Structures are given as C-alpha cells and as structure tokens.
Amino acid sequence: MKDDILFGREGGVATVTLNRPQALNAFTLDMYRRFDPMLRAWADDPGIRAVLIRGAGERAFCAGGDVRAIYDAGRGISGDRSLTSVFFREEYELIRRIHRHPKPYVAIIDGITMGGGAGVSVNGAFRVATERTMLAMPETGIGLFPDVGATRFLNLCPGQLGRYLGLTGARAGAADALYCGFATHFVPREPIGALIESLAGINDGQDGIERVLAGFAADPGSAPIAARQSAIDRCFAADTVEVILDTLAREAAGSGPDAEWAAQTHAGLLTKSPTSLKITLRQLIVGRSFSIEDALALEYRLTQHVMAGHDFYEGVRAVLVDKDQQPRWDPATLAEVADPMVDAYFAPLGENELRFV
C-alpha cells in the first residue's frame, strides 16, 4: 500500500514515516522497495542535508520485518515462495545503504523497536531514544537469529552485553539503549516535534545535526544493564551455550544479588530454539570485527539455511499464527544440536551469496 510508508521534506531534511501503526510499523517488502530509491535520490540531492525516519502512532517505531508474510511464503500459503530469499536480500541491501549513506541519518526510536526496526535505526548515524523506547532482538524465540546487521552492532556493546541481548532477546529501555550504543541521544518524547523543526532549519549537515541533538539531549537516568554488567560478563563469557547455561545455574544457586536474575535468564534461554541459540553464539563469535557488508553477507547466508529448516516456521506458528506460545523445536535440546549441524548453517551459498557492488 502506498500509504504504508510516507516520504516528505521539512527544510533541508528528507522525512520517512513508517505508517502501519496497526502492525507496529513492521516493514513489508513493498516498503523496502519504495524506501531504497528515495535514499538513492537523497544522496545525490544537494538540497537534502539529512534524512530522518520515525514511526506513526503511539506504540512503535518499528517492530521489525513482516515475518508472517515470509512464513506464508515458505509454507506455500501465499503465491510466491521466492519471498524467503528476496525479502532478506532487499532488506539487507537497504540497511547497508542506510549505514553508508553520505547524508546524516537520524532515527527517532520512540516506542517498540525490534528486529528490522533496529536494522533501519541502529545502523544509521544518529539514533534518538525517548522514555518509551523498548529495543530488543527477540529472534531466538521464533527460531531465527539476530540479523539486520546485529552481527556487527551487538558486538559493539560493552563486555558480553551483545551476547546476552542476542541470545535472550532481553529488552533495553532508553538508558540501556544509550549505554549499549544502540542510541546516540536521549530526548523526552514531548519536545520531539520541536527537535524535528530545529533539524529542518540546519544548513551545515553533520555539524548542525550534532549541535541540534546536543541541545535537546537529556539524561535518561542510570542504565539497569550497566548495574548488571559484571554478572552478564561473567555468565556469558563462554563460547558454548551449554557452559553459559551451567554458569547461570551456578549463579542462580548462590546467594548473591544476581541469583534471581540468573535463574530467570537460565529459564528463559531454555524456551528458545536450541538451534537458534547455537547459531547466534557462533555468529557473534565469528563476526566480532565484521564490517556491515561482512555482517549482512553472513546473515543472509544464515537466513537461507534457516528458511530451509524447521524452527523458524514452528516459532512463527507458535508466536504469531496459532499464538499458543508452545513451540515444538526440532531438535528439541541443545545436546541434539551437534557441531556439524551448526556448521551447515554457515555453509556458503555459491552464486546465491549476498554480494555488495
């Protein structure tokens, strides 16, 4: 639908509004296809000094990509099975364009920001959180893995926070998002309109953006995740999911201040796809120093193997289709997910690899 994504201009700022509030502004393939040529045009337009993206409605910036459509395609419910490859390819190409855009790119991450919503915000130059920001990468709960450049941006978090967030899908509020580097500024929601109006008047690009954002920036308070970091670093340091779980179990059995958190985290991990957990940890280990291009190429490779498997479809069924919240993972346990099975997800795709020109 043409009104699912709106393009405008305020002074020297090109504006993008994700306009599917009933679907938490989740991206469809058509939205990516309409967004990409606009980014190309703005890059070459001397009158455009910055790009700003926000979400419509009161609840979300963007809850991600339209995984239900991908599920329907992969299951043969909708007409075009190629969506399982085309969607991720075009999504990742857009994300790379955002990351490499020559004009300052500002995302107002007000409200729910998950999956693909993080892809079109965290990979940009400036990310403005509000008191309503709730950012998460919950993919292991639907048989997927943190994608959209998360191989890179989760690895940029302090200590082992990226592993923790990627494996558990834990939520980050504004202060946590700022601490982890997902957000660059905190601005209360009430003056966001005035912020955008001020940005529209800039005439010096990057310096002007930084000056305006600094003028509106406020203190979101202390970050809960920072207070928990020593425990997270201790529990998520291992290079196998099994040892991470064992460490959490020992922490939970103790009498320290992090025992309850460790018990809850341990229990939460056991609800995730065992295959997804092992893929995710391997992904973050091998991608520690990856560029955006390397990250997206790896993630595309992983998606195509996941689309040929079981757990993604079972996870989406349990969470979004039947909504019974009772996924039946296959394999059902970590012990059944042998290293050669994980290796297969990282196998090259030959001529079908994602390559950037």
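**Exercise 1. The strands at the start of the chain**

In which sense do E2 and E3 pair, and over how many bridges? Then work out how E1 joins E2.

*Solution.* Keep in mind that you're looking at a predicted model.

Step 1. Some background: strands of a sheet pair through backbone hydrogen bonds, either parallel or antiparallel.

Step 2. Look at E2 beside E3: the pairing is parallel, and it runs over 6 bridges. One residue pair to find is alanine 14 with its bridge partner in E3, valine 51.

Step 3. Now turn to E1 and E2, which run antiparallel and are joined by 6 bridges. Here phenylalanine 7 has valine 16 in E2 as its bridge partner.

Step 4. Check the turn. E1 and E2 make a hairpin with 2 residues between them, and glycine 11 in that turn has a positive phi of about 60 degrees.

Step 5. Finally, see how covered E2 is: 5 of its 6 residues are buried.

**Exercise 2. The whole sheet**

Write down the strand order of the 6-stranded open sheet, and explain why E1 and E9 each have one side without a neighbour in the sheet.

*Solution.*

Step 1. Go across the sheet strand by strand, and you get E1-E2-E3-E5-E7-E9, with mixed pairing.

Step 2. Strands E1 (5–10) and E9 (185–186) sit at the edges with a single partner strand each, so one side of each has no neighbour in the sheet.

Step 3. Follow valine 51 onwards: it stands opposite tyrosine 105 in E5. The two strands involved, E3 (residues 50–55) and E5 (residues 105–109), pair in the parallel sense over 3 bridges.

Step 4. Add a helix to the picture. H9 (residues 205–216) packs on the sheet and touches E3, E5, E7 (126–129) and E9. The direction of H9 makes about 15 degrees with that of E7.

**Exercise 3. Pockets and a cavity**

Describe the two largest pockets and the largest cavity by volume and lining.

*Solution.*

Step 1. Start with the largest pocket, which has a volume of about 1000 Å³. Of its 38 lining residues, Met114, Pro138, Ile142, Val319 and Leu320 are the closest to the centre.

Step 2. Sort that lining by class: 20 nonpolar, 9 polar and 9 charged residues. Elements that each supply at least two of the lining residues include helix H3 (83–99) and helix H16 (311–321).

Step 3. Move on to the second largest pocket, with about 160 Å³ of space. Among the residues lining this pocket are Tyr164, Trp261 and Lys272. H13 gives the largest share of the lining, 5 residues. By class, you should find 4 nonpolar, 4 polar and 1 charged.

Step 4. Now for the cavity. The structure holds 1 cavity of 30 Å³ or more, and the space in the largest cavity is about 40 Å³. Its lining includes Leu135, Phe153 and Arg171, and the class count is 9 nonpolar, no polar and 1 charged.

**Exercise 4. Buried or exposed?**

Is alanine 73 buried or exposed? What surrounds it?

*Solution.*

Step 1. Place alanine 73: you'll find it in helix H2.

Step 2. Residues under 20% relative accessible area count as buried. Alanine 73 is at 0%, so it counts as buried.

Step 3. List the contacts, skipping neighbours within four places in sequence: Ser78, Asp80, Arg81, Leu83 and Thr84. For leucine 83, which is 10 residues away along the chain, the C-alpha atoms are separated by 6.1 Å.

**Exercise 5. Unusual backbone spots**

What is notable about the backbone at asparagine 25, glutamine 325 and proline 331?

*Solution.*

Step 1. Recall the rule of thumb: most residues other than glycine have a negative phi, and most peptide bonds are trans.

Step 2. Asparagine 25 isn't a glycine, yet its phi is positive, about 60 degrees. This residue lies in the loop between E2 and H1 and is buried, with a relative accessible area of 0%.

Step 3. Glutamine 325 isn't a glycine either, and has a positive phi of about 55 degrees. It's found in the loop between H16 and H17, and at 46% relative accessible area it's partly exposed.

Step 4. Proline 331 also lies in the loop between H16 and H17. The peptide bond leading from aspartate 330 to proline 331 is cis, with omega near 0 degrees.

Definitions and conventions. Residues are numbered from 1 along each chain as its sequence is written. This is a predicted model: local features need pLDDT of at least 70, side-chain atom pairs count only at pLDDT 80 or more; totals for chains, interfaces and linings use all residues. Side-chain values use heavy atoms; hydrogens and water are left out. On a 1 Å grid over the protein atoms alone, a cavity is a set of points where a 1.4 Å probe fits but cannot get out, and a pocket is an open set with protein on both sides within 12 Å along at least five of seven lines; lining residues have an atom within 4 Å of a point. Grid points are joined across faces, edges and corners, and a volume is the space filled by probe spheres set on the points. Helices (H or I, at least four residues) and strands (E, at least two) are DSSP runs, numbered from the N terminus. Ala, Val, Leu, Ile, Met, Phe, Trp, Tyr, Cys and Pro count as nonpolar, Asp, Glu, Lys and Arg as charged, and the others, Gly among them, as polar. Two strands pair if DSSP finds at least two bridges between them. Contact means heavy atoms within 4.5 Å. Axes are lines fitted to C-alpha atoms, for helices over the stretch in contact, and angles run from 0 to 180 degrees between N-to-C directions. Buried means under 20% relative accessible area, exposed over 50%, partly exposed in between (1.4 Å probe, protein chains only).
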